Amino acid sequence: MGRIVIIGLDGVPFGLMDDLANRGIMPNFANLREKGTFKAMESAIPEISSVSWSSIITGVNPGEHGIFGFMDLIPGTYTLSFPNFNTIKAPTFWQKDNNKHVILNVPSTYPAKPMNGFHVAGFVALDLENAVYPKEYIPKLEELNYRIDVDSEKGHQSKELFMKDLFRTLEARHITAKHLWDDMDWQTFMYVITGTDRIGHFLWDAYENKEHEFHKQFLDYFKRIDEMIGEISNKMSDDDSLIMISDHGMGLTESNVYVNAVLREHNFLELEDADRINHNHMKASTKAFALDPGRIYLNKEGKYPKGTVKKEDEEKILQELTNVFQNLEKDGKKVIKKIFRKEDVYSGPYLDDAPDLILMANKGFNLRGTLAKKELFGTDIFTGMHTQDDAFLFVKTPKSIKIPENPCVIDVVKIMNEIKGDK
Amino acid sequence: MKPCNANRTCWNCPAAMLKGNIDFRACGQAKEKKKQLSESSQVLIECSRRKDLGQFAPTITFEQCPEWELNEEYNTYMLKNMRVMILGLDGYLGWTLALKLGKLGFKVSGIDNYWRRDCVMEKGAHTVVPITRMTDRLRAAKEVLGLDINFRKLDILDRAKLKEFLDEVKPEAIVHYAECPSAPYSMVDAAHAVKVQENNVLGTLGLLWVMKETVPESCLIKLGTMGEYGAPLTGRPIFEGIFPANAVLKWNDREWSLGGELTPRDPVSFYHVSKVQDTFNVYEACKYWWLRSYDIMQGVIYGVHTDEVAADPRLRTRLDMDEWFGTVINRFVTQSILGMPLTIYGEGEQIRGFIALDDAMQCMVRLICNPPEAGQYDVVNQVSGLIRVKDLAETVAKVSSNFGINTKIQRVENPRVEADKHPLEVVSTKLPNMLGFEPKISFEKEITEMFKVLTQPEIKARIEEKKHVIMPKTRWDGVKQESESFETYDPGTKNLEEGYKGVLHTKD
């Protein structure tokens, strides 16, 4: 039986893959592209890695897997918690069959849990100790200089050091991948490169601007990734299938939009004075608040400690909020592209935990849920931001399968199942 | 009134273990774990007591957290069964605190190597309040108060064993009393000076490394002394270790802010130097490793009473009267009982901060319940009043008359190198304003209590037995001779209105 190889490139848009293949920077991928199906893919809503990867590996929407963002509130409190792999409510594909799997650096899978095969969690993985199953493998990973992630601090300190760290992390990860490939007996091999997202956040402008001092290095990074893709595809047999995906796209940030500042300006949100402001400092008069990126929650009575919004008033407030965000403009440009009610985009047993409204921004507007900002708009060090509609999907398989016309992240498991012949 | 620590959060809680600094904006994680909130990163913690919460932002308040329970007597939230380790548990303060904490429901552990007992014995003195050996003390604590104190005989300089014990107990607060507390003892000769500094400085330095390795979230509550500051003749205020934000240095028409910098230290013996060196070591460790600490600039302590030590004769804490380990009020009371004049050094116009034993214990409980944030080095001036030594002698003499004792006062040559006439203005606002401390014990009240206890026949006999160790023989100039008397006078015969008076600021 043929094996399945999944290569994930975090935060790489369809357009970039297409462009670099056309320009000869990613010749191996260009070559593969001819032999398979290459499409833009819809990311999750919101287009956050943890939400998206959770959907990719479970094949279900957030209403079923329960992950709506990087951070969520501990029920009944205003304390932000980090939903980890213990929190995810739906089984992943490797927990559903008896095959042997190698799962390397898939985001949002920390802490690693017992499974049939080998697993190293990706971002956010707080320590190697709990990121690896089986633990006996940790010394080997250390010997291979394996690193969970690039040191993002370096991106803030020096772009030069950051680039060095990106390459170093990539090489260590690839050496580990090759080692696992040869060392283990597996049916599914999933390998995610996350540096692609980091380089996008810190240096998207270096990609778009040919004069940028890091333009060449940006391209070199993808050139190196292309070589790795070539190496892996050469190791595959004709029976094997290759799926390549990203979890979301990336584009140039023009402006951050501080959603809570908008809520404050329109008196939906009131805050006490505090040094280190957090959601506990909201006054009881608060009707709605936001979490990253554009998740809006009504401050419902009975749900939150200082919740005051009564059931009968919910619809009216949702309408008011919708009006405010529909009309939000910067320099004559509309900020918000779409506003979803939770029922529009989610279904399943965890619908109650979902945000009441989900904002989707127009190109260039980066929604943020910080409480610390008073101004509505601003910029910071990051030049790249996630985009929702242009993740990518590439499938090359000897099997005859149907690939959705407009695929989205929850389709990846279905495609794998089709390849395996499962329904 | 709302409990003073109601709004403290996981940032202050020793159960909060730092797990990472996550840069969600860049979908990245910093390699270095820092408890520092920046625009781009989110600190994630795990609660060692509430594992079910997973990893979360450190924003739960003590008021919200079920692990912190309100103690009505103190009007303060206390961490349930909080594990507190007392280093120097056998000492005057260590033993008293162990019983106080135990009664309040803390899980108390501790170490001691009995060095204090040895030093006092070496100098031919003894504690005038008899204390039993540790096994008997622990048994009595169990029998009388129902306490289980986890004690280990251990020298703080034995880092390997200390590490083992810390690893085993995982204390959430460490009270560090395991230092030699005597200025004169450090001035006896080179061997004594070296031993005091070795124990104090190296003991604390080693402890900091061991804490970093085993319990980095624990709060170090370290005993310093008001003597670290000295007594500046300019009369500039003695702030709580760190200059306030609006302090300014002016020189040649230029000005700089001093806000946040350590205030000058001017120690007055090799013992005091050891405490200053500790200050810097602790300060640096907080900076390098995100340890948290209170450095307590404690005034001169006195007294014999707390409810717990008075519960049974076997639970009494030690009380020293000798020139090396007796503090001034404790010595005055024993001198009075012996019918000796109270000896004041030089002019006797030294102004000192004082605090009664029970009030000091109240402060310690409050400090334990209000840990600073990780990485924070904080200082409190732990005094309940300032008084000139010669005024103090008058007070002791006055109280002694209630016990039918006619006490005189004697001025002797000052064996120390210190100003014996100086202004003193002390700021002590944190304990009363931020931590809810209210002094409950007046000089007269505690001195009366001391006369009651120390005039008991068995104790009086012990005082008589060692009366030769009272007069100071250790001089800072190294000359071995007893201080000579300038004059002896009756209380109430001097004009006490003249000279400097201490100024204590307790309001913000």
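**Figure 1. The two domains of chain A.** In this predicted model, the domain assignment splits chain A into domain 1 (4-251 + 385-420) and domain 2 (255-378). Taken over C-alpha atoms, the centres of domain 1 and domain 2 of chain A are 30 Å apart. Where the two meet, domain 1 of chain A brings 20 residues to the contact and domain 2 of chain A brings 25 residues. On the domain 1 side, helix α4 (residues 62-65) of chain A gives the most, with three residues. Sorted by class, that side of domain 1 of chain A holds ten nonpolar, eight polar and two charged residues.

**Figure 2. The largest nonpolar core.** This view takes in a core of 256 residues, the largest nonpolar one in the model. The residues with the most contacts inside this core are Ile243(A), Val84(B), Ile86(B), Val175(B), Ile221(B), Met364(B) and Val396(B). Helix α9 (residues 357-368) of chain B contributes the most to the core, with eight residues. Domain 1 (4-251 + 385-420) and domain 2 (255-378) of chain A both supply residues as well, so the core lies between them. Apart from this core there is another, of 17 residues, which include Ala125(B), Tyr185(B), Val273(B) and Val276(B).

**Figure 3. A closer look around Val84(B).** Here we zoom in on Val84(B), one of the residues with the most contacts inside the largest nonpolar core. Which residues is Val84(B) in contact with, leaving aside its neighbours within four places in sequence? The partners are Leu101(B), Phe106(B), Val108(B), Pro171(B), Glu172(B), Ala173(B), Val175(B) and Ile368(B). Of these, Val175(B) also appears among the residues with the most contacts inside the core.

**Figure 4. Where chain B touches chain A.** The contact between the chains joins 25 residues of chain B to 30 residues of chain A. On the chain B side, at least two residues each come from β1 (16-23), β2 (28-29), β3 (42-47) and β4 (55-56). Strand β1(B) provides the largest share of that side, four residues. By class, the chain B residues touching chain A comprise eleven nonpolar, nine polar and five charged.

**Figure 5. Two crossing helices in chain B.** Helix α8 (residues 328-338) and helix α13 (residues 457-465) of chain B have axes that come within 10 Å and cross at roughly 95°. That angle makes α8(B) roughly perpendicular to α13(B). At the crossing, Thr334(B), Ile337(B) and Leu338(B) of α8(B) meet Lys460(B), Ile463(B) and Glu464(B) of α13(B). The contact of α8(B) with α13(B) counts three nonpolar, one polar and two charged residues.

**Figure 6. Pro491(B), a proline in a loop.** Look for Pro491(B) in the loop between β22 (485-489) and β23 (503-505) of chain B. Is Pro491(B) buried or exposed? Pro491(B) has 20 other C-beta atoms within 10 Å, so it counts as buried, the cut-off for that class being 20 or more. Beyond its neighbours within four places in sequence, Pro491(B) is in contact with Glu394(B), Ala397(B), Lys398(B), Thr407(B) and Ile409(B). The C-alpha atom of Pro491(B) lies 30 Å from that of Thr317(B), 174 residues away along the chain.

**Figure 7. Two cis peptide bonds in chain A.** This pair of views shows the bonds that lead into Pro46(A) and Pro134(A). From Ile45(A) to Pro46(A) the peptide bond is cis, with omega near -5°. Pro46(A) sits in the loop between β2 (37-41) and α3 (49-58) of chain A. From Tyr133(A) to Pro134(A) the peptide bond is cis, with omega near -10°. Pro134(A) belongs to the loop between β7 (132-133) and α5 (138-143) of chain A.

**Figure 8. Positive phi at Asn81(B) and Asp253(B).** Asn81(B) is not a glycine, yet its phi is positive, near 45°. Asn81(B) lies in the loop between β6 (76-79) and β7 (83-87) of chain B. With 12 other C-beta atoms within 10 Å, Asn81(B) is exposed, as the cut-off for that class is 12 or fewer. Asp253(B), also not a glycine, has a positive phi of about 65°. The loop that holds Asp253(B) runs between β12 (248-251) and β13 (254-257) of chain B. Asp253(B) has 5 C-beta neighbours inside 10 Å and so counts as exposed.

Notes:
Residues numbered from 1 in each chain as written. Chains lettered and ligands numbered in written order. Predicted model: local features only at pLDDT ≥ 70, side-chain atom pairs only at ≥ 80, totals over all residues. Core = buried A, V, L, I, M, F, W, Y, C linked by C-beta atoms within 7 Å. Domains from an automatic or database assignment. Contact = placed C-beta atoms within 7 Å. Axes fitted to C-alpha atoms, helices over the stretch in contact; angles between N-to-C directions. Parallel < 35°, antiparallel > 145°, perpendicular 65-115°, else oblique. Nonpolar A, V, L, I, M, F, W, Y, C, P; charged D, E, K, R; others polar.
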